[in-house]
Amino acid sequence: MATTYTFDIFTTLDGFASYDETGDWGGYWGKHGPEFLDHRFAVLNEDQRLILGANTFRTFVEMLGPIDESELDPVNSRMRSMPTTVVSTTLAGPVDWPDATVVAGDAVDVVARLKKESDVPLRSHGSLSMNRALLDAGLVDRVQVTIFPVISGKTGVEPVFQGAADFDLELLESRTLDRHIQELIYRPTLHA
């Protein structure tokens, strides 16, 4: 039985996943509050496997790896402890990350196999180029977009959907967190 795959992404209103070194936004663009953090912990605390591309994984290791577990907030602590598959053609294991496995190969092939074999849902956070390829291949069941209330026109980098195919989106869920952060969950269908 196939499981679901969720592409989970944080973005600005103008569609950027991060900002350059001249931006002074801070984590979550400085807009998170307790409701957002509690909700993220609950989402990540569900039984699931995290799927990451090599670049995102390297970034997470750089940001979270050297921090002592007792100093991590609950959201990042949970993310670091989740069973994780890293899809890469360049990274070799073993890696210094709890419960992470590096799988060599093309992301489309690896995720298609994992969707057939996994007993738990799959979730990817970030990993933009990998997830655009998975979207185009029809392997993404849910796109979970969390929109932070900022426009980063001058400092924004990594346009989330740049280069992806065209998709129609069916809204499955929506919520407002801390009175200004929007979370939207869609089912994508390739636009014909």
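Modeller: In this predicted model, a residue counts as buried under 20% relative accessible area, as exposed over 50%, and as partly exposed in between.

Colleague: Is R175 buried, exposed or partly exposed?

Modeller: R175 forms a salt bridge with E173, and the closest N and O atoms are 3.4 Å apart. The relative accessible area of R175 is 28%. Since that value lies between the cut-offs of 20% and 50%, R175 is classed as partly exposed.

Colleague: Which residues are joined into one network by salt bridges that share partners?

Modeller: The structure holds seven salt bridges, and the pair E173 and R175 is one of the contacts of this kind. The network arises where salt bridges share partners, and its members are D8, R40 and R123.

Colleague: How many residues apart are R123 and D8 in the chain?

Modeller: R123 and D8 form a salt bridge, with 2.9 Å between the closest N and O atoms. This pair links distant parts of the chain, R123 lying in strand β6 and D8 in strand β1, at a separation of 115 residues.

Colleague: Are R123 and D8 buried or exposed?

Modeller: The cut-off for this class is a relative accessible area under 20%. R123 meets it, and so does D8; both are buried.

Colleague: Is E117, the salt-bridge partner of R113, buried or exposed?

Modeller: R113 and E117 both lie in helix α4, four residues apart, or about one turn of the helix. An α-helix has 3.6 residues a turn, so residues three or four places apart point the same way. R113, at 36% relative accessible area, is partly exposed. E117 reaches 52% relative accessibility, which is over the 50% cut-off, and therefore counts as exposed.

Colleague: Which element gives the largest share of the lining of the largest pocket?

Modeller: About 1,100 Å³ of space lies in this pocket. Its lining has 39 residues, and those closest to the centre are T56, T59, F60, G126 and S127. Elements giving two or more residues to the lining include β1, α1, α2 and α5. The largest share, seven residues, comes from α2.

Colleague: How many residues in the lining of the second largest pocket are charged?

Modeller: The second largest pocket has a volume of about 280 Å³. Of the 17 residues that line it, T6, E46, R123, Q144 and I185 lie nearest its centre. Five lining residues are nonpolar and five are polar, while the number of charged residues is seven.

Key. Residues are numbered from 1 along each chain as its sequence is written. This is a predicted model: local features need pLDDT of at least 70, side-chain atom pairs count only at pLDDT 80 or more; totals for chains, interfaces and linings use all residues. Side-chain values use heavy atoms; hydrogens and water are left out. On a 1 Å grid over the protein atoms alone, a cavity is a set of points where a 1.4 Å probe fits but cannot get out, and a pocket is an open set with protein on both sides within 12 Å along at least five of seven lines; lining residues have an atom within 4 Å of a point. Grid points are joined across faces, edges and corners, and a volume is the space filled by probe spheres set on the points. Ala, Val, Leu, Ile, Met, Phe, Trp, Tyr, Cys and Pro count as nonpolar, Asp, Glu, Lys and Arg as charged, and the others, Gly among them, as polar. A salt bridge is a side-chain nitrogen of Lys or Arg within 4 Å of a carboxyl oxygen of Asp or Glu. Buried means under 20% relative accessible area, exposed over 50%, partly exposed in between (1.4 Å probe, protein chains only).
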